[in-house]
Amino acid sequence: MCGIVGAVQTHGNVVPAVLAGLKTLEYRGYDSAGLAVMTPHGIQVRRKSGKLSALEAELAQNGVPPSSQALAHTRWATHGAPTDRNAHPHCDDRGEVVVVHNGIIENYAELHGMLAAQGHAFSSETDTEVLAHLIAHFHRNGDDLHSATRKAMALAHGAYAVVVISAREPGTMVAARLESPVVIGVGEHGRYVASGIPALLNLTRDFLVLENGESARLTPTGHEIYDARGQRVERAPFRCEWTPEQAEKGGYAHFMLKEIEEQPDVLARTAFDRLRDPEGDVAFEDEFGLDDAALRGFRRLRFMAMGTSFHAALLGQMLLAELARLPGETLNASEFLYSARLPEEDSLTVIVSQSGETADSLRAMREVQARGGRTLGICNVRGSTLAREARHLVLTHCGPEVGVASTKAFFGQVAALYMLAVRVGRARGTLSREQGQARLLDLRKLRPMLDPLFESDAKQAVEAAADLLVPVRSCLYLGRGLQLPVALEGALKLKEISYIHAEGYPAGEMKHGPIALIDPSFPVVAIATPGRSYDKMISNIQEVKARQGRVIAVAARGDRKVAALADAVLPVPEVAELLAPLANVIPLQQLAYTVALRLGRDIDQPRNLAKSVTVE
Ligand code: F6R
């Protein structure tokens, strides 16, 4: 949470590129924003509550001079309300040291008291301002900016990514990291820093990632990285294959819509190069690191994740049970710490996370590893903490996901988990070569079958279904078996971007309580596609109709039985049953999008949310 972008170049005005980079990070928090630029007469700072557009308006009125060194921040508030005063960057009381921060300083009250006793005067309610004063304290007493920052961070407890500049040391930028991500961009004419790669793609494609406890000193022509003990660390940059265009809207009204429509391509990118059709198997890259013998050794699986990724994890558990006959459980990563300590020797824990930076998921992964367990990360961001720390890794190749409501990342995760199920099934012999071939063919056939979901009659069906949801306060999503996680995901999408209360439920539970809510103003979205749960879902739909409830059904195109019962139908292609979640989730994403659009909601940046939840 919170986005940071900083740049220091040999020449030129870097301010527009820094602000453009910040725009790509706005999904990480958007309650206030600020910019600092180095000038020959000191550092100028502008801060504004509200979105980045409010800061841009402020800069249009009250601009900053061009500069080859700039630092910017977009905030998701932890300490202190989202006001101009609390927006970052923060300075010490002489305006010499300027800091942006992502994370929480847990002992800030103690540090605040100590500095106030020494005469420091504070102008905000944030934990971050304390850091500016603390760094300034050491800096004024003779430490260079890097050394002062290291001394200050040694006193701070909590989680942070900080970037610091000083009017006493123009041309230097210092970054430090504990838990919250920091990437460093290496360019021909400068060095750059940000909390995510997309922010720097318009400046460079070569990156380094700071590890936990590390700090860096950046100048226009060089970078030095130091470990927690202050020893120099040598690290070669890696080249990022993401393009700047992938991090842009490309003509779509919203990132969410663009990302929904990219899903057929995500399937191709995440899956097709890895399918070994003649062997009926899947070949992951080296970072997977689990051979047949290792895969045969596991007796149990555990899946952990949060939010949308948790729904993908639930599907992963079902797919692995189905194709590899391996039992498993799925836990909210935030709950794992409270679960009983069970032996880990013969289990594999799969952590699913789009960003690879979700604090709850990382904490759970580290706890499993501390208990001696093996971890496999399913992640979309190369170089993220999960991608680096999980013992084994499968990358989803979804490209950067910018919309706060996750769509294509879920799709990529489920595709990756399906492939994992085939791989493990083949290794364990629960799938023969022919059976593996058939599963891979199903996956290959899926892509063209998705096309009708993006055509105009499908969009009209979504509009008609949205008519039923726009006026209501609350609704229910029902599914069974593999369609239960899809129902949960559909409900999450609706609530997070439309603010309509939506509850996902196993359809069999309806009669055990929620049925009491059914009336004409409480619609039910029922997933009734062909397969094992179809007949029972038809019964559930009938039960809702018998109580004057209104039903939106996700059903196979041409299914007359469902059409005769439901008030609106979202038609989907009839695909292999194990892959139906990938087809069925798309109209539910489109439905949430359409309802939110009609209600005038801020689709890409819904209230109170942020992408990449880096605090527990
Ligand atoms: C919902 C959404 C969140 C994330 C969750 C986990 O649309 O995006 O629920 O899925 O915060 O994030 P990752 O996958 O980055 O660990």
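The following questions and answers concern ring contacts and helix packing in a predicted model.

Colleague: How many aromatic pairs are there?
Modeller: Two rings count as a pair if their centres lie within 6.5 Å. By this rule the count of aromatic pairs is two.

Colleague: Is the pair of Phe-207 and Phe-238 stacked, edge-to-face or tilted?
Modeller: The ring centres of Phe-207 and Phe-238 are 6.4 Å apart, with 40° between the planes. Planes under 30 degrees apart would count as stacked and over 60 as edge-to-face. The pair of Phe-207 and Phe-238 is therefore neither of these, but tilted.

Colleague: Which strands does that pair link?
Modeller: Phe-207 and Phe-238 are 31 residues apart, so the pair links distant parts of the chain. Phe-207 belongs to residues 206-209 and Phe-238 to residues 238-239. These are strand 11 and strand 15.

Colleague: Is Phe-238 buried, partly exposed or exposed?
Modeller: Its partner Phe-207 has a relative accessible area of 0% and is buried. For Phe-238 the value is 24%. Buried requires under 20% and exposed over 50%, so Phe-238 is partly exposed.

Colleague: What is the angle between the planes of Phe-284 and Phe-288?
Modeller: Phe-284 and Phe-288 are both buried. Their ring centres are 4.8 Å apart, and the pair is tilted. The angle between the planes is 50°.

Colleague: Which residue lies over the face of Tyr-499?
Modeller: Tyr-226 has Arg-232 over its face, at 6.0 Å from the ring centre. For Tyr-499 the distance from the ring centre is 3.9 Å. The residue over the face of Tyr-499 is Arg-607.

Colleague: How many of the 13 residues of helix 4 are buried?
Modeller: Helix 4 covers residues 128-140 and reaches 19 Å from its first C-alpha to its last, close to the 18 Å expected. Its buried residues include Glu-129, His-133 and Phe-138, and they pack against elements including helix 3, helix 5 and strand 7. Helix 4 is largely enclosed by the rest of the structure because the number of buried residues is eleven.

Colleague: Which residue follows helix 4?
Modeller: The residue in question has a positive phi, near 110°. It is Gly-142.

Colleague: Is helix 9 roughly parallel or roughly antiparallel to helix 16?
Modeller: The axes of helix 9 and helix 16 come within 9 Å and cross at roughly 175°. The contact is made by residues including His-311 and Leu-314 of helix 9 and Leu-488 and Leu-492 of helix 16. Angles over 145 degrees count as roughly antiparallel, so helix 9 is, relative to helix 16, roughly antiparallel.

Technical notes:
Residues are numbered from 1 along each chain as its sequence is written. This is a predicted model: local features need pLDDT of at least 70, side-chain atom pairs count only at pLDDT 80 or more; totals for chains, interfaces and linings use all residues. Side-chain values use heavy atoms; hydrogens and water are left out. Rings of Phe, Tyr and Trp (its six-membered ring) pair if their centres lie within 6.5 Å; planes under 30 degrees apart count as stacked, over 60 as edge-to-face and the rest as tilted. Helices (H or I, at least four residues) and strands (E, at least two) are DSSP runs, numbered from the N terminus. Buried means under 20% relative accessible area, exposed over 50%, partly exposed in between (1.4 Å probe, protein chains only). A charge sits over a ring if NZ of Lys or CZ of Arg is within 6 Å of the ring centre and within 35 degrees of the ring normal. The expected span of a helix is 1.5 Å times one less than its number of residues. Contact means heavy atoms within 4.5 Å. Axes are lines fitted to C-alpha atoms, for helices over the stretch in contact, and angles run from 0 to 180 degrees between N-to-C directions. Angles under 35 degrees count as roughly parallel, over 145 as roughly antiparallel, 65 to 115 as roughly perpendicular and the rest as oblique.
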